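Colleague: I am new to reading protein models. Could you take me through some features, one at a time?

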Amino acid sequence: MNIVLTGFMATGKTEISRAIAEMSQYKLVDTDDMVTSKLGMSVNEIFEKYGEKYFRDAEREAVKEAAAMNNAVIATGGGVVMDKENIKALRETGMIFNLSPDFSVIRERLESAKKTRPLLRKDSIDDIEKRFNDRQPMYDDCDCKIKIINGRTPRSYAIEILKIASGK
Ligand code: S3P
């Protein structure tokens, strides 16, 4: 079984998946990393050169590959949930945990988060909040919600998620 982390940009998917992999036998997989290493470009470069659709197609392939693994902790890109097929594939082999903060948490993390994320770079704060709200029903399509607040360590979330995944 896999552990799948979904959530908006800057919710901590990467850090928490790393903490889970460090503390367990789960192998670390990150769909953004799969796409960027396959294409040899950063996410920013892919969006600039080829556009979002090209990125989403590559992301769908990465999701398929990730879902075919076993005992992996899969950090997904924030937009993976927009395609129902992605979630269906990930759910067949994994338990989906949605990292769920209030928007105020994202707002506080925005400046550093902007560097690597094309969808945060150009949008106004209102547009980012709208995207966050629009995506909520898709993030709700999960097996377990993990409330994200400021001040908790990735390790503490990892412990919580591993406990739930093991059924204890
Ligand atoms: C995106 C999130 C990013 C990355 C791309 C698009 C999104 O991943 O896949 O910039 O649409 O929410 P992170 O959630 O890891 O930042």
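Modeller: We will go through a pocket, a cavity, a helix and one buried residue. Keep in mind that this is a predicted model.

Colleague: Let's start with the pocket. How much space lies in the largest pocket?

Modeller: A pocket is open, whereas a probe in a cavity cannot get out. Here the largest pocket holds about 770 Å³ of space. It is lined by 40 residues. The closest to its centre are Ala10, Thr14, Asp32, Thr116 and Arg117.

Colleague: Which element gives the largest share of the lining of that pocket?

Modeller: Helix 1, with five residues. Other elements give two or more residues too, including helix 2 (31-39), helix 3 (43-50), helix 4 (52-67) and helix 9 (154-165).

Colleague: How does the lining of the largest pocket split by class?

Modeller: Count nonpolar, polar and charged residues. This lining has 14 nonpolar, 14 polar and 12 charged residues.

Colleague: Now the cavity. How many cavities of 30 Å³ or more does the count give?

Modeller: One. Its volume is about 30 Å³. The lining residues are Phe8, Asn98, Leu99, Ser100, Pro101, Phe132, Gln136 and Tyr139. Strand 4 (94-101) and helix 8 (125-139) each give two or more of them. Strand 4 gives the most, with four residues.

Colleague: Which classes are found in the lining of the largest cavity?

Modeller: Five residues are nonpolar and three are polar. No charged residue lines the cavity.

Colleague: Next, a helix. What span does helix 4 reach, and what is expected?

Modeller: Go from the first C-alpha to the last, and allow 1.5 Å a residue. Helix 4 has 16 residues and reaches 22 Å, close to the 22 Å expected.

Colleague: Which residues of helix 4 are buried?

Modeller: First, the general idea. An α-helix has 3.6 residues a turn, so residues three or four places apart point the same way. In helix 4 the buried residues are Phe55, Arg56, Ala58, Glu59, Ala62, Val63, Ala66 and Ala67. Look for that spacing as you read along the list.

Colleague: Last, a single residue. Why is Asn44 called buried?

Modeller: Buried means under 20% relative accessible area. Asn44 counts as buried because its relative accessible area is 11%. Asn44 sits in helix 3.

Colleague: Which residues is Asn44 in contact with, leaving aside its neighbours within four places in sequence?

Modeller: Lys115, Thr116, Arg117, Pro118 and Arg121. Look at Lys115 in particular. Its backbone oxygen lies 2.9 Å from a polar atom of the Asn44 side chain.

Technical notes. Residues numbered from 1 in each chain as written. Predicted model: local features only at pLDDT ≥ 70, side-chain atom pairs only at ≥ 80, totals over all residues. Heavy atoms only, no water. 1 Å grid on protein atoms, 1.4 Å probe; cavity = no way out; pocket = protein on both sides within 12 Å on 5 of 7 lines; lining within 4 Å. Points joined across faces, edges and corners; volume = space filled by probe spheres on them. Nonpolar A, V, L, I, M, F, W, Y, C, P; charged D, E, K, R; others polar. Expected span 1.5 Å × (residues − 1). Buried < 20%, exposed > 50% of the residue type's maximum accessible area, 1.4 Å probe, protein only. Polar contact = N/O pair within 3.5 Å; in protein donor to acceptor, adjacent residues only side chain to side chain. Contact = heavy atoms within 4.5 Å.
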